[in-house]
Amino acid sequence: MDLGFLKIAAAVPSVKVGDCTYNAGQIADMIHTASEQGVSIVAFPELCITGYTCADLFGQPFLLEQAEKALARLIEQTASCPIICLVGMPVAADNRIYNAAVVFGMGTIYGIVPKTYLPNYNEYYEGRWFASGTELRTDTFTLCGQSVPFANELLFESEKICFAVEICEDLWVPIPPSSHHAVAGANLLINLSASNEMTGKHTYLRSLIAQQSARTLSAYLYCSCGFGESSTDVVFAGNGIIAENGILVKESERFAIEEQFTIADVDIERLMTLRRKTNTFADYNRQTPYQRIAVPLRSDRNDYPIERSFDPHPFIPQQAEAMQERCEEIVNIQVNGLAQRIRHTGVRSAVIGISGGLDSTLALLITTRTFDKLGLPRTAITGITMPGFGTTGRTHTNALKLMELLGITTKEINICEACNVHFRDIGLDALDRSTTYENAQARERTQILMDMANRNGGLVIGTGDLSELALGWATYNGDHMSMYGVNCGVPKTLVHYLVQWIADLPESTAIRACLLDIVDTPISPELLPASQEGEILQKTEDLVGPYELHDFFLYHFVRFGYRPVKLHFMAKRAFADKYPASEIKKWLIVFLRRFFNQQFKRSALPDGPKVGSISLSPRGDWRMPSDASVSEWLREAESL
């Protein structure tokens, strides 16, 4: 099945300057190799047929003739390969020479794209030999006996895939041609380059490529010349870089003296979903029309393995420095959101239910930071722990200890008696352990919080997180309800890291041990009685599945609209060493069923801050009918 991936490659050959026959032979061998590995599109460096550093030899008609003959042999030698190729070479037309990219495959030349912006550096001045593509006077050209389009505004299309070409310096200008290519429809941008190395330049190049792929919501394939180019004045490192929507997916070894490939599977479906959701992605009324050229991509591309890994925790940065920055930013968003709500309403106090679990701990930490920022006393925060039938000594102790250490007003209200009265009132059997038994406790706690907030003239701070909202793992009009939900944009896997991060801060010395014990406590609603030893029996992840799996499904389902078969494939790859395929399928079905069936709870969410790319607010990011059918999704998931 086509999962929307496309295997592309940057190929850096070892060249001989001016030896077109040798260079074309090297390129032909690499094309055959790439084809055997299932690559659909392969790009070679700028002017790779001749070598980039030929200098005044570009003015020799003989070199230009040999370049064309070499291209003709290359096209003939690779005609049996089901692959689209891009090579760089000088093309003489209209009394000018153009630095151009030639797109060909299976014996056919599909188009020629000239370089637009020519560098004027001290070490290399291309304007000495080449004309800019803006000076082109023709839109067709005969090359190797084939009459083909010759222009900057060319789009090469096949089904969902559309690519366009720019050359080296084109990327470095204020508005690169690739920006126009992207808004015209290109979802894959290819750059044939010959950028020489200087100290610090590579870091900027990587950033430039990543940013351009993010700005254009595209995949960006960059291929620069390497070993074999003249080192008279400069050195070339042979950079192969593949980026996708701001992320560097694959990079080559720099300064290699052997030929090398940089091969990656880019997710075209992902990019198209993002573009469709971004209604500011428009054509900006560009005056010059694009010519669209149909190219045949290999029909067997789904027979080759997808060589791409997937982050099992997409909400969590992998690098420690990025994690530190992300946690600080999220906490600041939560604090500022709550601060604005408190200042707007004019209240001077807050009420929050403290269970001794992760979510209420994070909500309390955010609330104390908010009151500190607003100059309000922490004693104006009333933390209420409400032991029930399933409350364990560990969580109860941690709840009381945390409130004491943070210096807030502490209150304990046991809900067992009130719930028993309620059970008698509604005729619920004393031994009943149904949903009614559980939900009554959650609603009793919410009633207490709301009434205490009324007494204190304050706000009830919600504790529920994004993952619980996705699964509907909350009691409707119970813990589902609050006056401002500070955690509503934070998934469960990230809640864990945020509390851990706060625990590790220097100013958290006094509360560190308590926070770390809370982090290590099993996740549970504690609505069913504990064991005789007082241990938690009702563990959430045993009931609804691992939160790391559900957060993985949530991220890719909401952000990119992935279908069940793709979610299953990616999760198998991401969690290969942890969960068997059958278990992933089981929890995927649970996720889909609960996500659809529990929308009615999300349709009545209280306000709360969005902190990342995924939000389920019914007022903005996620609007879905509460009675939408999950049947189509389940049919595919169950067929896996």
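In this predicted model, the sulfur of Cys168 lies 7.9 Å from the closest cysteine sulfur, that of Cys225, which is too far for a bond. Cys168 is itself buried, its relative accessible area being 6%. For Cys144, the closest cysteine sulfur belongs to Cys20 and is 12 Å away, again too far for a bond; with a relative accessible area of 21%, Cys144 is classed as partly exposed, because burial requires a value under 20%. In keeping with these distances, the structure holds zero disulfides.

Strand S11, which comprises residues 219-224, is largely enclosed by the rest of the structure, since six of its six residues are buried. The burial extends to both faces of the strand, with Ala219, Leu221 and Cys223 covered on one side and Tyr220, Tyr222 and Ser224 covered on the other. Strand S10 (residues 188-193) runs parallel to S11 and is joined to it by six bridges, and within this pairing Leu192 has Cys223 of S11 as its bridge partner. The connection between the two strands involves helix H4 (residues 201-215), and S10, H4 and S11 together make a β-α-β unit of right-handed sense. S11 is also joined to strand S12 (residues 240-244), here through five bridges and in an antiparallel arrangement, in which Ala219 stands opposite Glu244 of S12.

A six-stranded open sheet has the strand order S5-S4-S3-S2-S1-S14 and mixed pairing. Its edges are formed by strand S5 (108-114) and strand S14 (260-267), each of which pairs on one side only, and the twist from one strand to the next averages 30°. Within this sheet, strand S3 (residues 84-93) and strand S4 (residues 96-105) are paired in the antiparallel sense over nine bridges, with Gly88 having Ala101 of S4 as its bridge partner. Helix H5 (residues 268-277) packs on the sheet, where it touches strand S1 (5-12) and S14, and the direction of H5 makes an angle of about 45° with that of S14.

A further open sheet is built from five strands in the order S18-S17-S16-S19-S20, with parallel pairing. Strand S18 (409-412) and strand S20 (484-485) are its edge strands, each pairing on one side only. Four bridges join strand S16 (residues 350-353) to strand S17 (residues 381-385), the two strands running parallel, and Ile352 stands opposite Gly383 of S17. Helix H6 (residues 320-345) packs on this sheet through contacts with strand S19 (459-462) and S20, its direction making about 165° with that of S19. Helix H10 (residues 435-456), in turn, lies across S16, S17, S18 and S19 and runs at about 165° to S16.

Helix H12 (residues 492-504) was examined with respect to both its length and its surroundings. At 1.5 Å a residue, its 13 residues should span 18 Å, and the end C-alpha atoms are 19 Å apart, which agrees with that expectation. The buried residues of H12 are Lys492, Thr493, Leu494, Val495, Leu498, Val499, Trp501, Ile502 and Ala503. These buried residues pack against several helices, namely H6, H7 (358-374), H11 (466-471), H13 (512-520) and H15 (547-560). Helix H6 thus takes part in two of the arrangements described here, as it touches S19 and S20 of the five-stranded sheet and is also packed against by the buried residues of H12.

Notes:
Residues numbered from 1 in each chain as written. Predicted model: local features only at pLDDT ≥ 70, side-chain atom pairs only at ≥ 80, totals over all residues. Heavy atoms only, no water. Buried < 20%, exposed > 50% of the residue type's maximum accessible area, 1.4 Å probe, protein only. Pairing = 2+ DSSP bridges. Right-handed = clockwise from strand over helix to strand, strands pointing away. Contact = heavy atoms within 4.5 Å. Axes fitted to C-alpha atoms, helices over the stretch in contact; angles between N-to-C directions. Disulfide = S-S within 2.5 Å. Expected span 1.5 Å × (residues − 1).
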